[in-house]
Amino acid sequence: MTYIAKPKLHHPTLACNAIGFTRRDYEGKISTLCAGCGHDSISAAIIQACWELDIEPHRVAKLSGIGCSSKTPDYFLGQSHGFNTVHGRMPSVLTGANLANRELIYLGVSGDGDSASIGIGQFVHAIRRGVNMVYIVENNGVYGLTKGQFSATADLGSKSKKGVVNTDSPLDLVGLALQLGASFVARGFSGDKKQLVPLIKAAIKHRGPAVLDVISPCVAFNNHPGSTKSYDYVREHNEAANRLDFIDVRDEIVVDYAAGELIDITQHDGSVLRLRKLHANHDPHDRVAALAYVHERQAKGEVVTGLLYVDAEAEDLHRHLNTVPTPFHRLGAKELSPGAATLAKINAALR
Amino acid sequence: MKPTDIRVPDYFHKVVDCQWACPAHTPVPEYIRLIAAGRYSDAYLVNWKSNVFPGILGRTCDRPCEPACRRGRVEQNNGEKPEPVAICRLKRVAADFKDDIRARLPKPATKQNGKRIACVGAGPASLTVARDLAPLGYHVVVFEADAKAGGFMRTQVPRFRLPEKVIDEEVGYILDLGVEFRGNTRIDSLRDLLAQGFDAVFVGSGAPRGRDLDIPGRREAAANIHIGLDWLASVYFEHVKSIGKRVIVLGGGNTAMDCCRSARRLGGEDVKVIVRSGFEEMKASPWEKEDAMHEGIPILNYLVPKTFAHRDGKLIGMTFEKVRAERDAKGRRQLVPTGEPDAFFECDDVLIAIGQENAFPWIERDLGIRFDEWGLPVVDATTLQSTHPTVFFGGDAAFGPKNIIWAVAHGHEAAVSIDKLLNGEDIRQRPEPSVSLISQKMGIHEWSYDNDVSADARYAVPWREKEKTLKSIIVEVELGFDPATAFKEAERCLNCDVQTVFTRDVCIECDACVDICPMDCITFTWNDEETELRQRLTAPARNLDQALYVSDTLKTGRVMVKDEDVCLHCGLCAERCPTGAWDMRKFLLEMTHAGPACHKPARREAA
C-alpha cells in the first residue's frame, strides 16, 4: 500500500465528459490493498466506465460486504453513496435500498468469500428476485485478508502458495447466475481492461440483475505456479467468447466489422451491445446454450470470458412487484396512507 | 520502436530538464533537495563546482533552466498559471544561508607544473578558466583593465540587483587559489602578450561596446545622450551620480532594464522605456520587465526612433515613428509605418541600450586568428579553440553577447581543452560526464527523497519597500527567500533526477502502475513506430522534445511505453509495483572539468 495521497495534478490533456467531470473526478481515496492487486485494476475499470457513461456520481450507490474486494468502493467514486454491510449481507441491503429508491444505479461489489461462502444465500436470492443492479464479484480464489486459505471458488486440484492441493469442488458463479435467472452474465479479467470496461458499461446500462465475475489475481497469496487464478494462468487459458463494444444511445452506430460475425443487442434504453463473436457455437441469447457452452469450455480447462448471456428485454423486481414509478422514499404521507375509506374498501374485499 | 538504452547518459540527462537546459549542466534537483534539507553549504558547493558563482547567478542568471522546468508543464490546465520552480532564487538561498565554506574549497597547488596561462579580462569566463586550472598547478595570470576582477558582473550589473560584497566573495574564492591577478592592465596587443611566452591564452574580454544610434540630432544633443553600457559603468565608478528628471531608455534587453531602473534611482522621475518592436518580442527576461514596471517605469512599444530634438544645443525630446508588425509574402515579420502622426516625447536624457558588440582592436589580424564577417573570431563551439592553436575564446568574446552562465560553461570547456592540449592530447576528444544511477529505495514504500508532490503554486521572492529601494542605487531590491519559504518552494521541485527505471524481466503486467499514475504516463501496448505509438498511449504524447521510454517485448507480446514528458517522479508506479519492476533511481550527472578525469584512460591510469 501507498502512504501518500495520489497527487491532484493530472495530465494537461485530461478530458472532461459531457457533464464536466474528468476521469480523475471519479476516483476515490488511495487504495490500501497490496501492490499489484487485481482489485485495483477493477476499480480503475469502474472509474473509466462511469466517466465514459457521463454518470453523475451522486446517482450511484456502492454497496459491499467484507473482504479485500469489499474495501474497494472506498477507492473509486469518492462522491457517490456507499454502504459497507455485514459480511455477506450486501445483496439484502442493496435490495432494500433499491426498493426504497429505484432511481439510483446500484453497484454491488463483493468477493468470492463474501458472495460464494458466507453470503451465498444472499447472492442467489438477490439474483432470483431480479434486483436491478450491477453485481461485481472480484474473484481471486483465496481469502486474501486472512492470509490465503482456499475460497469456495478455488479450482479442484489448484495449489496454494504453500503447495497444498485443493480437494473441494469449486463453486461456479457464472453457472449459478445463469441458472438463477440473471439477465446479464459476463466474466472478465482484471488484467484486460479493454474487455472489462465495455462489460461494466453494458452491465450498468442493463435493466435487471447483471452479474460480472471478474478474475482478479491475488498477488500476495494466489499468483504462483499451480494456481488457476494467477496472471500467467488466466492469460494462458483465457478464451474470450466475444468482444463487446458498448454503444451509448446518443452515439452513432458505425459498422466497422464484416457482417455476420456481429450481433447487435439493443437494450431497454436504446443503447446497443455490439458483440463480435469469437466462437461460432456461442449464442449469447440462449441461456441454456450459454450454460452448456461455459461448462463445455471449462471442462477443457479454459477460462471463458466475455458477455456470456444477456436478455435485453428482462424485467426487474419493481416490475414484478408492480410498484409505482415514483421512488418510495419520495412518497409522502398522503400517498402512503390512503385513508380510512380506502382501508375499509380493502377489508371489505377480503371478507 | 527499439528498446530504450538507459545506459546512454543523454537519455536520463534529458529527463532532468533543468540540468539539460543549463549550459553548465548544474545538477539542479540535487541542490534543491539539499536546500530542503537545510544543508545550505552542501547545496552551495554543488553549485560552486558546476557554475562557480552561485551567489551572483542566484541573483542575475538568465535562468534557461526555468522555462525548461517540468513543473511548468505539469501545472498546465491544473490551476491558475503554470509556473516553474524558482530555481534561480533557490540558488541564492544556498548562498545566503551557507556557513563559511572556505575550508572545503580546493587549495592552491603545492607544486606548479611549469605551464603559464594568460586570461584576458577578469569576467566570469576567464575566472572559470582560472578556477579550473590553477589548482592543477598551472600558473594562471588574469589581466584586467579595471582595478578589480569581475568584469561585466561588477561594472555593468547594478548594485541594487547584485551587492558588491557577493562579487568580492565569489571572485575572491577564485583569486585565492593562487591565481595571479593583474588589475589596471589593459591588453593592447595580443602579439605582445603571445611574445611573453604563455603556453595558452584565453580571451574572455566580453562584448564591451554598446551600439550607438545614428539618427538626426545625435551629435548636436550628444551631451545628454549616453550609451547604456558605458553609462552603467560610470554609475558604478561614481563618475555619474545623477540624471535628468525625464529619461528615455531605448532598447528592450536586460541592459535597458538595468538602465531604466538605475535612472529611476539617480533622479529620474519620469523614466520610460521605448522599444521598436512589440512588448512580447523584447529580449529582456520577463521578470526583469516586471521589476521595471513594478518601479513605475512604463514600456512603450512599436515606436521607431526618428530624431533627437534639440534646442540651443540641448536635448529636448525624441520623435518616433509609429509602426505595427506585419507578415510579408514570405511570412517574415516586418515593422511597417501605421501612417499615424509621429509621436514626440519630451526628455532631458536618453540612454541607448539597443545592443552590444564585440571589439577586438587589440588583436592583430596577422596572428593566424581568423574573424568572420561580423567581426567575431572563428571559434570551435566545443573546444573553444580559435584558428590559432594556443588561443581560446569564451564568454561574450567568443560568440557575442550571451550571459554569465554561458560564460561559465565556456570557461569549463576551454579549461578542459587547455589541460588536454598541454598534455599532448587531442582536444576534440571530449571527456564523458560522470554518471551514477542509484536506487532510492529505503524500505517498503519508503524513499530517500520526498516523493509526496507539493501542490503549492510558485512563491514570490519578497521585495524591499519601493520607498527605500528607489532612493538608493546600492540597496538591494530583492530580499531573497527566508528559510521557511525556501523549503516550501524547494518542495515544488519534482525530483526529475530520481528516474523511473523499468526492469522488463520481472514485470507481470498487472497494470497497477498504469492505474495509479496520476499523469497517465504509462501504457502497455503493441509496439509500433514512434509516431504511431505517440497517438495511442493512455494520454497522447504530444511533446516531441520528450522521449518515450520503451521496454523490450513482455510476456504478452506487448511493450511498456512511458512518456517522460509530464512524469511527476512521485514514485507511485514503483510503490504500486508488486515485483519491483519499477524502481526509483537517482541519476546524478556531473560534467568532467579540467584535471586527471578529463584525460585519456591511459593517462589517467599513469597519473
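These notes go through a predicted model, from its scores to its sheets, helices, domains and chain contact.

1. Confidence. The model is predicted, not experimental. Its scores are ipTM 0.90 and pTM 0.91. For chain B the mean pLDDT is 95. In that chain, 99% of the residues reach 70 or more. As a general caution, where pLDDT is low, predicted coordinates should not be read in detail.

2. The eight-stranded sheet of chain A. This sheet is open, and its pairing is mixed. Read across, the strand order is E2-E1-E3-E4-E8-E7-E13-E9. Two strands form the edges: E2 (81-84) and E9 (238-240) of chain A. Each of these pairs on one side only. Neighbouring strands are turned by 20 degrees against each other on average, direction ignored.

3. The E2 edge of that sheet. Strand E1 (residues 60-64) of chain A pairs with E2(A) in the parallel sense. Four bridges join the two strands. To check the register, start from A:Ala61: its bridge partner in E2(A) is A:His81. Helix H3 (residues 90-100) of chain A packs on the sheet here. H3 touches E1, E2, E3 (105-111) and E4 (133-139) of chain A. The direction of H3 makes about 175 degrees with that of E3(A).

4. The E9 edge. Helix H9 (residues 287-299) of chain A lies across two strands, E9 and E13 (303-310) of chain A. Relative to E13(A), the helix runs at about 175 degrees.

5. A helix pair in chain A. H5 (residues 120-129) and H6 (residues 173-180) of chain A pack at an angle of about 40 degrees. Their axes are 9 Å apart. The crossing of H5(A) and H6(A) is right-handed. From H5(A), the contact uses A:Val124, A:Ile127 and A:Arg128. From H6(A), it uses A:Leu176, A:Ala177 and A:Leu180. By class, that contact has five nonpolar residues, one charged and no polar.

6. The three-stranded sheet of chain B. This one is also an open sheet, with antiparallel pairing and the order E21-E23-E22. E21 (522-525) and E22 (548-550) of chain B are the edge strands, each pairing on one side only. The twist averages 25 degrees from one strand to the next. E21(B) and E23 (residues 559-563) of chain B are joined by four bridges in the antiparallel sense. One register check is B:Thr523, whose bridge partner in E23(B) is B:Val561.

7. Domains of chain B. The assignment divides the chain into domain 1 (116-208 + 358-421) and domain 2 (210-356). Note that domain 1 is given as two segments. The C-alpha centres of domain 1 and domain 2 of chain B lie 31 Å apart. Domain 1 of chain B gives seven residues to the contact, and domain 2 of chain B gives nine. The domain 1 side divides into five nonpolar and two polar residues, with no charged ones.

8. The contact between chains A and B. Chain A brings 23 residues and chain B brings 30 residues. Which helices of chain A each supply at least two residues of the side that touches chain B? They are H1 (38-52) and H8 (231-237). The largest share of that side, four residues, comes from H1(A). By class, the side of chain A that touches chain B has 10 nonpolar, eight polar and five charged residues.

9. Where to look. For the chain contact, begin with H1(A), the source of the largest share of chain A's side. For the sheets, begin with the bridge partners A:Ala61 and A:His81, then turn to B:Thr523 and B:Val561.

Key:
Residues numbered from 1 in each chain as written. Chains lettered and ligands numbered in written order. Predicted model: local features only at pLDDT ≥ 70, side-chain atom pairs only at ≥ 80, totals over all residues. Nonpolar A, V, L, I, M, F, W, Y, C, P; charged D, E, K, R; others polar. Pairing = 2+ DSSP bridges. Axes fitted to C-alpha atoms, helices over the stretch in contact; angles between N-to-C directions. Left-handed = near helix turned anticlockwise from the far one by under 90°. Domains from an automatic or database assignment. pLDDT = per-residue confidence, 0-100.
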